Amino acid sequence: MEDFSGPEAEERLRDLTWIGPRVIRHQEVVAGVMCHSPVLPVRFGTIFASLANLEKVLQRHSDTIAEFLERLTDQEEWAVKGMLDRPGAKGKLFALKLAREAESLEALSPGKRYFEEQRLRAAGDQELQRWLQEVCRKLWADFRDYAAKVQERRLLSRETTGSDQDMVWNWALLIPRRAIGGFQALIQDVNAQYAPHGMRLEVTGPWPPYSFCPALDMEPEA
């Protein structure tokens with residue numbers, strides 16, 4: 001209790017040398033349980049003042065917890081992040097647009113052709129956004145063939161990911177174990193198809209099902 005509460009706790013929780021090993025240990029415990037049974041992971045830093053308080057919380061939410069564990073049997077959470085090389089993707093779309101418009105552009109004078117090409121290039125951001133929306137709809141439909149549930153998560157900045165590409169999608173998927181092979185094959189096909197367009201999917205897992213946990217009031221009733 002002293003480590004996680006009180007005036008010094010906030011400073012400790014910002015100290016990576018202090019919090020890092022504890023977060024890793026927490027994750028190891030959750031992952032260890034997950035190897036043998038479904039698990040309802042509690043976020044790092046959740047503290048119960050006593051065993052009696054923990055028992056009260058478990059009793060109050062016993063039906064919800066039991067239902068969750070039953071539903072999660074033989075299912076795993078996987079993370080899928082869409083990463084975009086924005087300049088590369090815009091360049092590819094522009095090249096495709098020029099190829100489609102080649103005949104009409106050839107009929108223009110050099111001056112008019114130049115301005116028309118500039119107009120097409122200026123429309124690149126809107127074209128890219130439409131393309132991303134189209135790909136997103138297709139992927140969402142494809143994932144539904146393998147995932148029991150799909151949860152959107154917040155996008156992370158380049159500073160957070162350490163990548164030179166933009167994160168355009170961030171999804172958590174709850175996938176039955178029997179469907180993992182098909183799901184992984186789908187990811188390979190998607191990356192083969194869209195890598196030339198500057199877009200790829202990063203997949204990690206399996207993870208504890210944090211994204212699909214029920215909201216539980218962890219405070220014991222008086």
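In which helix of the protein chain is confidence lowest, and in which is it highest? In this predicted model, helix H6 (residues 102–106) has the lowest confidence, with a mean of 61, while helix H10 (residues 180–194) has the highest, at 96. Over the protein chain the pLDDT averages 86, and 86% of the residues score at least 70.

**Nonpolar cores**

The largest nonpolar core comprises 26 residues, and those with the most contacts inside it are Phe143, Trp169, Leu173 and Leu201. Strand E1, helix H8 (124–143), strand E3 (166–176), H10 and strand E4 each give two or more residues to this core. The helix with the highest confidence, H10, is therefore also one of the contributors to the largest core. Trp169 touches Val80, Lys81, Gly82, Leu132, Val135, Cys136, Leu139, Leu155, Met199 and Leu201, leaving aside residues up to four places away in sequence. A second, separate core has eight residues, among them Leu40, Ile65, Phe212 and Leu216. In soluble globular proteins, nonpolar side chains tend to be buried together.

**Pockets and cavity**

The volumes and lining classes of the three spaces are as follows.

| Space | Volume | Nonpolar | Polar | Charged |
|---|---|---|---|---|
| Largest pocket | about 560 Å³ | six residues | five residues | four residues |
| Second largest pocket | about 370 Å³ | 17 residues | three residues | one residue |
| Largest cavity | about 80 Å³ | six residues | two residues | three residues |

The largest pocket is lined by 15 residues; Gln27, Arg43, Arg153, Trp207 and Tyr210 lie nearest its centre. Two or more lining residues come from each of helix H2 (16–34), strand E1 (75–84) and strand E4 (199–207).

Around the second largest pocket there are 21 lining residues, of which Leu40, Pro41, Val42, Phe48 and Leu54 lie nearest the centre. H2, helix H3 (51–60) and helix H4 (62–71) each supply at least two residues of this lining. Leu40, named here, also belongs to the second core.

The count of cavities of 30 Å³ or more comes to one. The lining of the largest cavity consists of Met34, Ser37, Pro38, Val39, Leu72, Gln75, Glu76, Glu77, Arg177, Trp207 and Pro209. E1 provides the largest share of this lining, three residues. Trp207 lines the largest cavity and is also among the residues nearest the centre of the largest pocket.

Key:
Residues numbered from 1 in each chain as written. Heavy atoms only, no water. 1 Å grid on protein atoms, 1.4 Å probe; cavity = no way out; pocket = protein on both sides within 12 Å on 5 of 7 lines; lining within 4 Å. Points joined across faces, edges and corners; volume = space filled by probe spheres on them. Helix = DSSP H or I, 4+ residues; strand = E, 2+ residues; numbered from the N terminus. Nonpolar A, V, L, I, M, F, W, Y, C, P; charged D, E, K, R; others polar. pLDDT = per-residue confidence, 0-100. Core = buried A, V, L, I, M, F, W, Y, C linked by side-chain atoms within 4.5 Å. Buried < 20%, exposed > 50% of the residue type's maximum accessible area, 1.4 Å probe, protein only. Contact = heavy atoms within 4.5 Å.
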